[in-house]
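Visitor: I am new to protein models and would like a close look at one part, the pairing of charged side chains. Please show me where to look and what surrounds it.

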Amino acid sequence: MDGPFEFTVAKVGSGLCHVQLAQQRAETMTLLSEFTVDESEFITTLRLAAGTLLSECSRRGWNGQDIEKLRLSAQAGRN
């Protein structure tokens, strides 16, 4: 999806992930936050957030490639 904000996730140990949140502007990237989280809790929260976002997009009648990619990814993640 478009926008200046992004996050990266890397597995750093048994059941743990390191998350970095950043803002990209022109030629600079600013690290806004970074932390380590429980992998299963992070995945559960991410799936909930994706579902909430997709519901709101549907409610507003929004469609597009990015939304469809998220929908397919969310469906694949449920299996």
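Guide: Here is a tour of the charged pairs, followed by their surroundings. This is a predicted model, in which local features need pLDDT of at least 70 and side-chain atom pairs count only at pLDDT 80 or more, while totals for chains, interfaces and linings use all residues. Residues are numbered from 1 along each chain as its sequence is written, and side-chain values use heavy atoms, with hydrogens and water left out.

Let us begin with confidence. The protein chain has an average pLDDT (the predictor's confidence in each residue, from 0 to 100) of 90, and 94% of the residues score at least 70. Within the chain, confidence is lowest in α2, with a mean of 85, and highest in strand β3, residues 28-38, at 95. Names such as these follow DSSP runs numbered from the N terminus: helices are H or I runs of at least four residues, and strands are E runs of at least two.

Now to your charged pairs. Side chains of opposite charge can pair when their charged atoms come close. A salt bridge here is a side-chain nitrogen of Lys or Arg within 4 Å of a carboxyl oxygen of Asp or Glu, and by this rule the count is four.

Look first at glutamate 39 and lysine 11, whose side chains meet in a salt bridge at 3.3 Å, N to O. This pair links distant parts of the chain, since glutamate 39 belongs to helix α1 (residues 39-60) and lysine 11 to strand β1 (residues 5-13), 28 residues apart. Lysine 11 counts as exposed at 58% relative accessibility, whereas glutamate 39 is partly exposed at 21%. For these words, buried means under 20% relative accessible area, exposed means over 50%, and partly exposed lies in between (1.4 Å probe, protein chains only).

Next, follow helix α1 to glutamate 56 and arginine 60, which both lie there, four residues apart, about one turn of the helix. Their side chains form a salt bridge with 2.6 Å from N to O. Both partners are partly exposed: glutamate 56 has a relative accessible area of 26%, and arginine 60 has 45%.

Helix α2 (residues 65-78) also holds a pair, glutamate 68 and arginine 71, three residues apart, or about one turn of the helix. The closest N and O atoms of this salt bridge are 3.8 Å apart. Glutamate 68 is partly exposed at 38%, and arginine 71 is partly exposed at 22%. Elsewhere, salt bridges that share partners join Glu56, Arg59 and Arg60 into one network.

Since lysine 11 brought us to β1, let us look at the sheet. Three strands form an open sheet in the order β1-β2-β3, with antiparallel pairing; two strands pair if DSSP finds at least two bridges between them. β1 and β3 stand at the edges with a single partner strand each, so one side of each has no neighbour in the sheet. Neighbouring strands are turned by 20° against each other on average, direction ignored (axes are lines fitted to C-alpha atoms, for helices over the stretch in contact, and angles run from 0 to 180 degrees between N-to-C directions).

Eight bridges join β1 to β2. In β2, valine 19 is the bridge partner of valine 9, and alanine 22 stands opposite glutamate 6. The hairpin of β1 and β2 has two residues between the strands, and glycine 15 takes a positive phi near 80° there.

The next loop, between β2 (16-25) and β3, contains alanine 26. Most residues other than glycine have a negative phi, and most peptide bonds are trans. Alanine 26, although not a glycine, has a positive phi of about 40°, and this residue is exposed, with a relative accessible area of 81%.

Our last stop is uncharged. Phe5, Phe7, Val9, Leu21, Leu32, Phe35 and Leu46 form a nonpolar patch on the surface, with about 610 Å² of accessible area together. β1 and β3 are the elements that give two or more residues to the patch, and β1 supplies the largest share, three residues. Phenylalanine 35 lies in strand β3 and is partly exposed at 32%. Patches are made of residues with over 30% relative accessible area and no salt bridge, joining like charges within 9 Å and nonpolar side chains (Val, Leu, Ile, Met, Phe, Trp, Tyr) within 5 Å. Accessible areas come from the Shrake-Rupley method with a 1.4 Å probe, and for residues only the protein chains shown count as cover.
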